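Trainee: I am new to this structure. Could you take a single part of it and describe that part closely?

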Amino acid sequence: MQLNNQKSINGNKKQGVNSIWLIAQQELLKSFASPRGLFVSGVFIIIWGLLLVYPIRISAAAMTSPDSASLFMVVLHFLGLEALQDWLLSEFAIYWVVALYLFPTFCLVSAADQMISDRQRGGLRFLTLRCTRGQLFFGRFVGQMIIQSILICVTLAITYSLLVFNNPQHILKGLGLVPLIFCHILLVTAPFVALMSLLSITVDSVRMASLIAFIILALGGLLINYFASYLQILAVFKYGIPGGQIYSMAQSHPTIAWGALTQPTLQTMTFLLIGYAIFKRQDI
Amino acid sequence: MSALIECRDLSKNYGNQFALNKVSFEIQAGSPIALVGANGAGKSTLLSILSGYIKPSSGQVRVLGHTVGSEKLIGCIGALPQDALFDPSVTIVKQLTFLAQLQGFKRLKAIKEAERCLDLMQLLHIKNDKVGALSHGMKKRVAIAQALMGTPKLILLDEPTAGLDPENARNVRQQISALSNETTFIVSSHNLAELEKMCSLVMYLERGELKSLQSIGESQDMGSVQAYVSEPQVDYLTLILKQEPIASGLSSGFSSEFSSEFSSNAALATKIKNLSSVSQIKVNTNHEFVIQYSRLINPTLDQQVLKLLAAENLEYRQITQGQSLEDQLFKG
């Protein structure tokens, strides 16, 4: 009897993991096969193509060229990014800074519609008879994270190709840095995706969800600073705003930036738990 | 054995407005159940609570012995939600296959299951179309097909034939009847004639309250339902004549103040009322006579009525045991 119960529990767990994976796969299909998904991915690829062809290639060349290096360092110093001059692999140095800002910004648009359209259409009603709300909520988050992973991998691969093309002697050194940069960018992006998971179950329009996210990120820090000037303890809410650590990460190398990942990890968990708690009780 | 559905003091309110008010009932698995009531009576709210789409404000509801929303009910309940639409950017068969996979089918079996259910709804030929290309009726039939997938133990259909053409509405009714041996259906509809054909039990909601839960036409036989609202022990016979009785043949003993149609119908009614055990008779439009009697006292009343009709040289269109669902619910 006990063995049967254990088998049943294991079977349920297996089915639960399977459901999350199926929902994540469906999210991938939606993002890369639907017209909206294709449009967003297309825009993203064009932006990255332009960035790689112009700013990254030119900046990387400028960093290594003795003629323009001094001028470039002045620009970096002006932007507070002088630490980049310590990078041996200049293509990755520029990629690091651009990716730290661009991926989180991109996912505010691409990950905004995790639930909204389905909720408006009533499509969630077909799903919740066949999987738990938890599986649905976390499955869609996992799907979005896989989409971000694919995009990071593609852009990293192109940047690495550029590096090898420009400096074939760094082929192994660059390869060693790729997984490190991948993990950092993915973890930095995670709280933004989780924030969109939360907003997608509380807001009724995709545009509104993206707009609210931009407002939180742009004005949240300012408002908290303002209120904290009256009541110091309110400053603790700054830790709830995603991306607060990005500026300091941009100034350091991925090999020493691990410490900065605690905050996004905790933020991701918090947003997901709040989102799940709301979604579990929500009328659909 | 636990009941298929157990509801205890189930209430759902939106602000001060009660959509459901202390609804209690218990249903065992069995033949299809009709859910009727006026607009805003709480039918869709009740079905949504049973499907786990919305939470009750108070009270308890259990399906197959489990709390609604429990992981153990996954795949056990199928539903046709009101106004729910599929993703317009993905083909129908892909969406149904995905849902079948979520329900536990392996990919190839999921495709077969999706196709089987589309075939039941006579939609196999449009399986590779996207939902946006379909008519309202077709979309509804796709949604019914998804409800049938995996043969759940309980299927909740919210107005399944509303907006369907007569041929497809008939097909839906036939599928419900064919599948009712393995699945219990709860069908909400405003089409009482249709429900009468499909269902043997009826739940009647009025302003969020359960007014009755009884067998259709057979108020004494409550079947597997334990109703909280009971009916008195009476039987009915419904007679529909082909045409209006001729007044002259039936007018004897009847006051001349009645119009000819009324007097002819009323004269026949009087004659029927004189038969043994008939306690009351109601004449509706279209020459319909609803006869209230006791079958225990006179089990062959129907034969006596037929003899009376033969003696009066009257043709009839239909004679049925019991009364129509409409009369049953809205009598008086």
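Mentor: Helices (H or I, at least four residues) and strands (E, at least two) are DSSP runs, numbered from the N terminus. The model is predicted, so local features need pLDDT of at least 70 and side-chain atom pairs count only at pLDDT 80 or more, while totals for chains, interfaces and linings use all residues. Residues are numbered from 1 along each chain as its sequence is written, and chains are lettered from A and ligands numbered from 1 in the order in which they are written.

The part I have chosen begins at B:Ser277, which lies in the loop between α8 (260-273) and β12 (278-284) of chain B. Most residues other than glycine have a negative phi. B:Ser277, although not a glycine, has a positive phi of about 75 degrees. B:Ser277 is partly exposed (fewer than 20 but more than 12 other C-beta atoms, placed from the backbone, within 10 Å; 20 or more is buried, 12 or fewer exposed), because it has 16 C-beta neighbours inside 10 Å.

From this loop the chain enters β12(B). β12(B) pairs (at least two DSSP bridges between the strands) with β13 (residues 288-293) of chain B: six bridges join the two, and they run antiparallel. Within this pairing, B:Ile281 has B:Ile291 in β13(B) as its bridge partner. β12(B) and β13(B) form a hairpin, with three residues between them. In its turn, B:Asn286 has a positive phi of about 60 degrees.

Elsewhere in chain B, B:Asp9 belongs to strand β1 (residues 5-14). B:Asp9 is not a glycine, yet its phi is positive, at about 50 degrees. With 14 other C-beta atoms within 10 Å, B:Asp9 is partly exposed.
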